Amino acid sequence: MGKKVKKDEKPPPDDVFDTLAVESRNAGTVVLMLSSPEEDVQSKACEAIYKFVSKCDENKKQLLDLGAVEHLLALMQSEDKIVRRNACMAVGVMTAHPEVRKYLRKQETTFPALVNLLAPDEDTVCHEFSALALSNMATEFSSKAAIFENGGVEPLIRCLVANDPDVQKNSIEALALLLMDYQTRAAIRDLDGLSPMLEVLKSDYAIIQKLALLALERASQDGENRSALRELEAISKLIDFVAHPEWNDLHVMAVMVLSNLLEDLESLELIKETGGLKRLVALITDQVPVDEEPKGGKGDKGDKGGKGSRNAKKSAKESAAKCNHGTSAKKQESADSSEPPSGEAIIPTLPDVKMCAAKAICRSARSSENRKILHEQESEKMLIHLLSHESFEVQAAAAQALAVMAENLASRDSVREWEGLGPLIKMLGSENLSVKEAATLALANLTTANSNNCQEIQTLNGIEPLITCLVDGREDAVANAACVLTNLAQIETLRVDAQNKGVVRALIEPLSSRNVTVQSKVALAVAAFVCDFDSRENFRQSDGIAPLIGLLSSGNDEVRRNAAWAVTVCAVDEPTATEICKLGGMEILQEIQMSSTRRSPFAEAALQKLLDNNLSAKYALTGNLSSTNFIENGFYDIGQLRPGTKFLTLEEYAKQEMNEKRPIILINAKPDPAFSQTQSQAELDAKQESSKTSVTGKNSRTGRDSKTVIRKNDFEVKREKPHSRERSGSKKTRKQQEREEKQREEELQAQLQREAEAISAAENKPFEAPCDSTLLKYIEEVTEKIQPLPTTREQVKALAGFVAEKMGGSIERGQLSNFGWELPISQIKYELKSNVVPLGKIKAGIHVHRALLFKTLADKIAVSCSLVRGEYNRAWNEVLLPEEEYSPGAPKFPPKTYIVDLIHEPGSLLRVDTPEAQTYKKI
């Protein structure tokens, strides 16, 4: 055995401090240790801080206040790898606190240091926590710009291919946040970052897949990125991803990416050629995916070969575009991987995925070229299939997509042929307002310029649910339902059916809506349905005129235009036109036409139609009645209407107190009811008198005069009891007086009651215009004597003479001022106790009275003439007459306009361009 050798232990040099093991439980002490020059101390202090800040947010804030972050930033740039690693770990965790991030943003060295730690030669732990710090910092926009400026995008892309899943997760999360900025979207394509992002989808970790889909969704919002993704076959990879049922909680985001990609026509053409749409549609509609080669019995009902499945794929892609991002993100966080089903079992896709697929089609179909391709691929079938899904969100999304697809004319017929209208009509009764709104929108587009779809809606009993939507739905649903009903009203049978089901009354309430879209669509529907007398009367009696007139004052051009059009239709008959004028519609239309910004041809047409069917208002406003305006009973002349003065009804003028102003001249050629009643009463009395005479001749039994018998009996009675009467005379007198008093009281009460009833009856009695039996006789006379005359010229001359004769005869020139006409008219007003004077009662009239009478009588005998009002009680009639003498073979000239002289030489015809005519029109 060898000899034991004693170890030679040299003592430490005299100038070196002996090793000291320090234990500290105070954060401030550890922060002081960060300033140590010894790398081992720095490393252990950083590690201790990492453990401390990982516990809670309060610890992060405490160390920030102690100034630890400044030292950690400096140590992140240390030459020692362990120190750098531990410092990076501490900073990475501390960036979760907003105050720490705020401090770091102000330090110039923060982002360069973090980006440098992503270098390939750095430790994997450094990559992990540096990427974590960048992802936390990238939540603020200013930090996104700083990371991009310091070249942080490229190293993050490089980290996507790392073997460590934590590095991948933090890197893809940072990129997803950076892609919210348009600069990064362009840079990621130039740095070839799209391909690694697609590869990350194959990760075994759901959170990484989720973040990768989020990043792809944001990157695909750029058109050039979509083109690059097509080249990388991203569409096929995403469809493969959706085909994995174990990733069903991530399918929503995958469909979102597909949604963005399918915005481009090239993507649709690509998916059409590769057959990807076929697979996607099968997945969305929960059917067995169809192989490339056609197989019988596996496709949708009604699919024609492979075409139907292609369309389905398209529709699915489009649906992906419209996914709700927030919903998908939540679902993916809670993703649990489930084992794939055995055999060929079909795992239904989640409702959110179906909803996003429908929204994707809706988004893609906004382009007319895309709609054409989607229709060729029969994508409507998938949408119709989704209409029957139990989820309200899926139903609404599918109906919205059908509404957009219906902008394609061929799609409208396809939806009907594939029985898509029935589910939409059923959705009108849904309790969910969004479903009802989407269904009405789809029906509105499907029935536009498509009479077959309109007929189909009636066949499916869809009119009543649409009418119900007018009063029981949100505002957009009401507007859409009104639009559908307007489309249906273009067909007479459907319009009548809807009118019988109460559509006119149902349209009145939405007219008072505050939503301009509802106001506009409902006003247009009113114009479509009140095109006959019965519906107008129904609309008027249901108080629909007032809210319609209120829309004329709207500040929205479309609302005013549609309301004016509805007024034009309503004003076709006189009662409705009168009601519109009564409620101030004429004044509003005049105001609109005087405005330089609001005037429109629709308001002008409404005003003209209103005046043509309310000639009293037209004559008061314009002072002109054309030859096509025929005066009827109920016309009244109030004179020239002054600006700012409201035109009142005849009833309102009649109720005014009698005044000294010109009378309201009334045309009402009817027999006087009081006179006819008196005449009929006289005839009745005469008949009764004759019947009494025949009955009271002789008694039928005795043959004696009955009056004689009565008198004799009375006399005998008087003779029998003279003494008894005298005895009870005083007592009977008192009783008689009491009876008489009681009888008088009863009669007085009965009389007061009759008077009260008469007063109430008079108040409740509808207004009746005064009748003019004299004018009626004038009409009968001219019809008998003047109408048979052979020529219009002779009729005009004879009628002029007749009018002058009835109005006081001819007046010599210069003697008009001496013609007393004012006093007789005032006397008539006094006799009638009213400002309204029937024209026939005027026996002394001048220009204004004679011209009105001439026009009234001429209209009755079909003599065409106009009535024009001048100034100072001047008015005249103009007639169109041919040449007086016409020889055969001579050239024919058009008729000329003449003014009919009714004053000086009644029957004389004055050419309008002659001095005599001008003198006749002026004083």
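**Exercises on a helix-rich predicted chain**

In this predicted model, residues 24 or more positions apart account for 71% of the contacts in the chain that have a separation of 6 or more. The chain has 51 helices and eight strands, and buried residues make up 47% of its 923 residues.

**Exercise 1.** Work out how helix α18 is oriented against helix α23, and which residues make the contact.

*Solution.* Begin with the geometry: α18, residues 265-274, and α23, residues 368-376, pack at an angle of about 15 degrees, and their axes are 9 Å apart. Because angles under 35 degrees count as roughly parallel, α18 is roughly parallel to α23. The handedness comes next, and here α18 passes α23 in a left-handed crossing. On the α18 side the contact is made by L265, L268, E269 and K272, while α23 contributes E369, N370, I373, L374 and E376. Sorted by class, these residues of the contact between α18 and α23 comprise four nonpolar, one polar and four charged.

**Exercise 2.** Decide whether Q519 and Q400 are buried, partly exposed or exposed, and list what each of them touches beyond its sequence neighbours.

*Solution.* Take Q519 to begin with, which is placed in helix α34, residues 516-529. Its relative accessible area is 10%, and since buried means under 20%, Q519 is buried. Leaving aside neighbours within four places in sequence, Q519 is in contact with L511, S513, R514, L551, S554 and V559.

Then turn to Q400, which lies in helix α25, residues 392-405. Its relative accessibility is 34%, and because partly exposed covers the range between under 20% and over 50%, Q400 counts as partly exposed. When residues up to four places away in sequence are not counted, Q400 touches C362 and A438. For the pair Q400 and C362, the separation is 38 residues in sequence, whereas their C-alpha atoms are 6.7 Å apart in space.

**Exercise 3.** Identify the buried residues of helix α32, name the helices that they pack against, and describe the backbone just after α32.

*Solution.* Within α32, residues 492-500, the buried residues are L494, R495, D497, A498 and Q499. The buried residues of α32 pack against α29 (451-459), α30 (463-471), α31 (475-488), α33 (503-506), α34 and α35 (533-541). One of these partners, α34, is the helix in which Q519 of the previous exercise has its place. To finish, look just after α32, where G502 takes a positive phi of about 90 degrees.

Methods. Residues numbered from 1 in each chain as written. Predicted model: local features only at pLDDT ≥ 70, side-chain atom pairs only at ≥ 80, totals over all residues. Heavy atoms only, no water. Helix = DSSP H or I, 4+ residues; strand = E, 2+ residues; numbered from the N terminus. Buried < 20%, exposed > 50% of the residue type's maximum accessible area, 1.4 Å probe, protein only. Contact = heavy atoms within 4.5 Å. Axes fitted to C-alpha atoms, helices over the stretch in contact; angles between N-to-C directions. Parallel < 35°, antiparallel > 145°, perpendicular 65-115°, else oblique. Left-handed = near helix turned anticlockwise from the far one by under 90°. Nonpolar A, V, L, I, M, F, W, Y, C, P; charged D, E, K, R; others polar.
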